[in-house]
Amino acid sequence: MKRYYKVLPLMLLTMTLAAGCGGKKMINEDIAGQAPPAASAESDKAPQSVVVPEDKPVTEDVKSEDLSGGAASKSGGKFASLAPGDELTRVAESKGQLFTVYFDFDKYNIRDGDRESLSKNAKWLGLNSSVKVRIEGHADERGETEYNLALGDKRAKNVEKYLEDMGIKAVRLSTISYGEEKPADPGHDEDAWSKNRRAEFAITSAN
Amino acid sequence: MIKRRLILIFLLFFLLSVAESAVAKVYIDLSAPQAKRLPIAIQDFKISASVDAETAESAKGLNDELMDTLKSDLKFSGLFNIIDRSAYIEDPKKAGLTESEIDFKQWRAVGADALIKGVVMVEKDSLIVEVRFFDCVTEKQIIGKRYIGSLSSPRRVIHYFTDQLYEELTGRKGIFTTRLLFISDKDGNKEVYMSDYDGKNAVKITKNRSINLSPQWAPDGKRIIYVSYKKGSPNLHMLDLRTGKDTVVSGRPGINIGGRFSPDGAKVALTLSGDKSPELYVLDLNTEEYKRLTDNYGIDVSPSWSPDGTKLAYVSDVSGNPHIFVLDLLSGNAKRLTFNGKYNSSPAWSPDGRLIAWSRSDTGPFNIWVMQPDGTGATQLTFEGSNRSPSWSPDGRYLVYSSASRGSSSLYIMRSDGTGQIKLTTGVGGEKSPVWSPFLQ
């Protein structure tokens, strides 16, 4: 609970900024061509995505507000960009995350549609070679608590292995499963569940 | 706090010894197909004349709670037919409390074969209750005991009495002093709670504000194990309920989940992932050595020991969907038990070893089922809502489980044949993952 008190002002700030920035939607659409559909859907939910991982310094969020308040094409953040103003770098700067990947019910194989996201994540990690990430595996609420913890573990590990296969050193990657305990969407329908069966990337160290 | 609650009840001494002739008599044969319900009268407890006016006043308030608990326990036992108080002829203020002082004719006249009477006394923080159970036909006292408990939980006193009464009448141990563990996120975080068997007296026993999951009892009922993120990642913790001491039982990389004590309490079956798939292991608590039990690409979770400690029922997705398997610990062979349903989980071996309860989903909601340990005789017990996490009472006569609709979950108890489903009111809300304690007496 305490953690949310810290985050709440930031959430409000982000919402205000998002509401006040009339061109945001346009900008998203402009760069959507480069990003996989799942990721652009994710970026539409600005307020919810600001909830930061527990061990992430709050200062990173403050920086992120600077960026999202400015032009999307702004360069010169703390991370190297794949291309000027690219979506992934923006997500990394603003949320401390990379592209999230999603899974089918009770499955932990990487979907074909998510391979591009993971390739981009790998490429970006190649460019930002000092960054370490934690892959957080999640499940929807429908299964059993313990099975879902195992499912989240499998999902995170499969994503980790995918990145390792693409050349990212294992020492830069770690995993954790949250099972069904941290839904991205609190709803109780397939729309919510599809957003909750996921593996998120949290940047744990930038240097 | 926990410690206080656990030790607050002491059974001090027999007020009067049980008549020898009554001991051998089994009033109610539970194995009989249609056991007759015993018509019983419960007279309001007297407030002891020896206490001053102020404490007498608070004792009066207690009477209602004691009566409520007693009636609720007796109803739950299924052994009694409680005769309505309005029918009673005897004036509770004038009537006596002992065999010789009671006019049993007055009680037989209202149809009572049995009668319960009591006295309530309050001394500082202590609650003293004397309860007597009479056979109205033989005009004998069968049970007479004095209980000393705490004013903060008068219900416990009655549960102790009902346990004794149940054992006296049926020859079997009662479950009225047993407790439940469950999870609730009502205060913003998932924490472990403990309540009486009927959901009352619920107290939060973890307060670490992280995520706490799947609590389990040690066979001695004095310690619990549970999964907690209090140190960041899902580790298996052990909490000593007497001392409040909390230790990490298993904190390996990856997940450390689903810990279940072996029947002898020496080992814990659990799931570890490490750098492999989530596999079943047995951790020896003395040597702290892990022994791997499964090795496959899939998920193996939620072990449940057979009462003799030779087998584990568990959930595996090696056949595609989650199904129930049984692993023979001696041979190492696993046998698949379920072939139907899209999602089978939470196996729970009954205390007598004859049944495995589990939850199964075919298209949407989960329901509680039971089957024999060879997979035959599968029988559906629940049909409404989404019902999960079955856990047996230590006498094997009941199951506690969680039932949810539209995302709101609560606890239910039913008989092991699925009848008599009742919702538990803990006052906490959002209850999940219930587990019934072993006998605590």
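## Salt bridges

Over all chains of this predicted model, the whole structure holds 33 salt bridges. One of them joins A:E190 to A:R142. Their closest N and O atoms lie 3.5 Å apart. That value falls inside the cut-off, because a salt bridge needs the nitrogen within 4 Å of a carboxyl oxygen.

What does this pair tie together? A:E190 belongs to helix α9 of chain A, residues 190-196. A:R142 sits in the loop between β2 (132-138) and α8 of chain A. The two parts are 48 residues apart in sequence, so the salt bridge links separate parts of the chain. Side chains of opposite charge can pair when their charged atoms come close.

## The interface of chain A and chain B

Chain A brings 27 residues to the contact, and chain B brings 42 residues. Together the two chains bury about 2600 Å². Carbon and sulfur atoms account for 53% of that area. Which residues of chain A lose the most area to chain B? They are A:E144, A:E146 and A:Y147. Together these three make up 27% of what the chain A side buries.

Two salt bridges are counted between chain A and chain B. One of the salt bridges in the model pairs A:E181 with B:K190. Here the closest N and O atoms are 2.7 Å apart. Polar contacts also cross the interface: 19 residue pairs are found, both partners at pLDDT 80 or more.

## The chain A side

Two elements of chain A give two or more residues to the side that touches chain B: α8 (145-165) and β3 (173-179). Of the contributions to this side, α8(A) gives the most, with eleven residues.

How do the residues of this side divide by type? Twelve are charged, nine are nonpolar and six are polar.

## Sheet β11 to β14 in chain B

Chain B has an open sheet of four strands in the order β11-β12-β13-β14. The pairing is antiparallel. Strands β11 (212-217) and β14 (246-250) of chain B stand at the edges. Each has a single partner strand, so one side of each is left without a neighbour in the sheet. On average, neighbouring strands of this sheet are turned by 30° against each other, direction ignored.

One pairing in detail: β13 of chain B, residues 235-240, meets β14(B) over four bridges in the antiparallel sense. Which residue does B:H237 stand opposite in β14(B)? The residue is B:V248. Strands of a sheet pair through backbone hydrogen bonds, either parallel or antiparallel.

## Sheet β15 to β18 in chain B

Another open sheet of four strands runs in the order β15-β16-β17-β18 of chain B. Its pairing is antiparallel. The edge strands are β15 (256-261) and β18 (290-292) of chain B, and each pairs on one side only. For neighbouring strands in this sheet, the average turn against each other is 30°, direction ignored.

Strand β17 of chain B, residues 279-284, runs antiparallel to β18(B). Three bridges join the two strands. Among the paired residues, B:L283 has B:Y290 in β18(B) as its bridge partner.

## Positive phi in chain B loops

B:N201 is not a glycine, yet its phi is positive, at about 60°. B:N201 is placed in the loop between β9 (191-196) and β10 (203-204) of chain B.

B:R209 also has a positive phi of about 60° and is not a glycine. Where does B:R209 lie? B:R209 is in the loop between β10 and β11 of chain B. Strand β11 of chain B is one of the edge strands of the sheet β11-β12-β13-β14.

Terms used:
Residues are numbered from 1 along each chain as its sequence is written. Chains are lettered from A and ligands numbered from 1 in the order in which they are written. This is a predicted model: local features need pLDDT of at least 70, side-chain atom pairs count only at pLDDT 80 or more; totals for chains, interfaces and linings use all residues. Side-chain values use heavy atoms; hydrogens and water are left out. Contact means heavy atoms within 4.5 Å. Buried area is the accessible area (1.4 Å probe) that two parts lose on being put together, summed over both. A salt bridge is a side-chain nitrogen of Lys or Arg within 4 Å of a carboxyl oxygen of Asp or Glu. A polar contact is a pair of N or O atoms within 3.5 Å; within protein, one must be able to donate a hydrogen and the other to accept it, and residues adjacent in sequence count only if both atoms are side-chain atoms. Ala, Val, Leu, Ile, Met, Phe, Trp, Tyr, Cys and Pro count as nonpolar, Asp, Glu, Lys and Arg as charged, and the others, Gly among them, as polar. Two strands pair if DSSP finds at least two bridges between them. Axes are lines fitted to C-alpha atoms, for helices over the stretch in contact, and angles run from 0 to 180 degrees between N-to-C directions.
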